[in-house]
Amino acid sequence: MAALGVATGGGNWFSALALGVTLLKCLLIPTYHSTDFEVHRNWLAITHSLPISQWYYEATSEWTLDYPPFFAWFEYALSHVAKYFDQEMLNVRNLNYCSSRTLLFQRFSVIFTDTLFVYAVHECCKCIDGKKAGRELTEKPKFILSVLLLWNFGLLIVDHIHFQYNGFLSGLMLLSIARLFQKRHMEGAFLFAVLLHFKHIYLYVAPAYGVYLLRSYCFTANKPEPTASSLFPTLPFQEGPLPRVLGPKLLGFVQCFGQSAVRHRLLSVGKAGDASIFLILTTTGHYSLFPLLFTAPELPIKILLMLLFTIYSISSLKTLFRKEKPLFNWMETFYLLGLGPLEVFCEFVFPFTSWKLKYPFIPLLLTSVYCAVGITYAWFKLYVSVLTDPPVGKTKKQ
């Protein structure tokens, strides 16, 4: 906080936030990592030691290369740095290889490539109209958005503990959407096309991109600002066309939908109702990530980090909308508070019951179902809002 205070005086608060979260990522280097760590090590070995024609056919390891070509070339580029850390990690036959140097390289590769994400967040902040922002730095929409993105709990645990490169990919997504807000449509479309060639899971967003670009760039002389109906749901702020974040990616965080990373999206909003939807969605989605970190040493880390992020999210948005109605009704409050007892049962009660050996899946089942209910409710509430609220243009005129 002292560093942030010094940086605030010079107007460098964004750099302080970025530096602070980078230091936190470095502290997470020794923590548990999942099988995804070996997946990416194997892809480094494949792209480095084999000709291109064999990249997608090499099957020595069960973790075959199954991402689009740009990600394969991304691994290829990383491999030429990896060889200076430990050449053995680039041997295709060294299955489950994990030396201390390999660990350092792969962890730092995620941290370094997050530079794109930091730049994308900075570009998103430029899209915010801060004319009516609060006097205090912590009440400014740009500051709140920066914290919610840079210090996103989901990205921290999925990328820097579990191990993936979602910060880099989310950076491409955010930068693409920022360019749309800046009316640089061709750049935005190009960046999204590049993103699809890195990870095909983003294909489900393509129809929304297509419709938006047709409406705002191809078939009209008047190019409207991105709106809730033309872009994507999420993070709420008080005025103007404001970028917002969807912390965790919808049902993708719930079992059957895979262990993917946090997705961030933007749109323009102007009311407390959207803040409520965001908080329900991000809190529920973040909690649904807990089963990814099942080792005892990471238990206090994930609980503490989520509590800090959730408390900040709720308190900052309550401050931003202090003149509005309460962010949650009684039912929503009851549901969110229910996450506490659910965690106590899953982590501290169930392991000592006789059900643990016979029904070991119960904690994961309860977490998935409970979180699915909250996520589905948030999306239903969002679309009701989109379909019933007046368009942004009419609201401004009134």
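**Exercise 1. Work out how helix α7 starts and what surrounds it.**

Start at the N-terminal end of α7, where Asn-152 acts as a cap: one of its side-chain oxygens sits 3.0 Å from the backbone nitrogen of Gly-154. That pair is a polar contact (N or O atoms within 3.5 Å; within protein, one must be able to donate a hydrogen and the other to accept it, and residues adjacent in sequence count only if both atoms are side-chain atoms). Before going on, keep in mind that this is a predicted model, where local features need pLDDT of at least 70, side-chain atom pairs count only at pLDDT 80 or more, and totals for chains, interfaces and linings use all residues. Residues are numbered from 1 along each chain as its sequence is written, and side-chain values use heavy atoms, with hydrogens and water left out.

Next, pin down the helix itself. Helices are DSSP runs (H or I, at least four residues; strands are E, at least two), numbered from the N terminus. Residues 153–163 make up α7.

Now check burial, taking buried as under 20% relative accessible area, exposed as over 50% and partly exposed as in between (1.4 Å probe, protein chains only). Eleven of the eleven residues of α7 are buried, so the rest of the structure largely encloses this helix. Among them are Asp-159, His-160 and His-162.

What do they pack against? Look for contacts (heavy atoms within 4.5 Å). The partners of the buried α7 residues are α2 (13–27), α3 (36–49), α5, α8, α11 and α12 (299–320).

Finish at Phe-163. Its relative accessible area is 0%, so it's buried, and its phi is near 95 degrees, a positive value in a residue other than glycine.

**Exercise 2. Find another positive phi and say whether the residue is buried or exposed.**

Go to the loop between α4 (69–82) and α5, which holds Asn-96. Phi there is near 60 degrees, again positive in a non-glycine residue. With 62% relative accessibility, Asn-96 counts as exposed.

**Exercise 3. Trace the salt-bridge network around Arg-179.**

First, the principle: side chains of opposite charge can pair when their charged atoms come close. The criterion for a salt bridge is a side-chain nitrogen of Lys or Arg within 4 Å of a carboxyl oxygen of Asp or Glu.

Step one is the bridge between Glu-123 and Arg-179, at 2.8 Å from N to O. Glu-123 belongs to α5 (residues 100–125) and Arg-179 to α8 (residues 166–181), so this pair ties together parts that are 56 residues apart in sequence. Both of these residues are buried, with Arg-179 at 5% relative accessibility.

Step two follows Arg-179 to Glu-187, where the closest N and O atoms are 3.1 Å apart. Glu-187 is partly exposed, at 35% relative accessible area.

Step three goes from Glu-187 to Arg-184, a salt bridge of 2.9 Å, N to O. Arg-184 is partly exposed too, with a relative accessible area of 35%.

Put the pieces together and you get a network linking Glu-123, Lys-126, Arg-179, Arg-184 and Glu-187. Across the whole structure, the search turns up eight salt bridges.

**Exercise 4. Sort the two sides of helix α13.**

Take residues 330–337 and pick out the buried ones: Glu-332, Tyr-335 and Leu-336. Viewed down the axis of α13, the buried residues fall within an arc of 95 degrees, so they line one face of the helix. That arc is taken from the directions from the helix axis to the C-beta atoms.

Turn to the face pointing away from the buried side, and you meet the exposed residues Trp-330, Phe-334 and Leu-337. As for the cover over the buried residues, it includes α11 (272–287), α14 (339–349) and α16 (362–388).

Last, look at the start of α13: a side-chain oxygen of Asn-329 comes to within 3.0 Å of the backbone nitrogen of Met-331.

**Exercise 5. Set these details against the whole protein.**

Count the secondary structure: 17 helices and zero strands. Then take burial, where buried residues make up 52% of the 398 residues. Finally, for contacts with a separation of 6 or more, 75% involve residues 24 or more positions apart.
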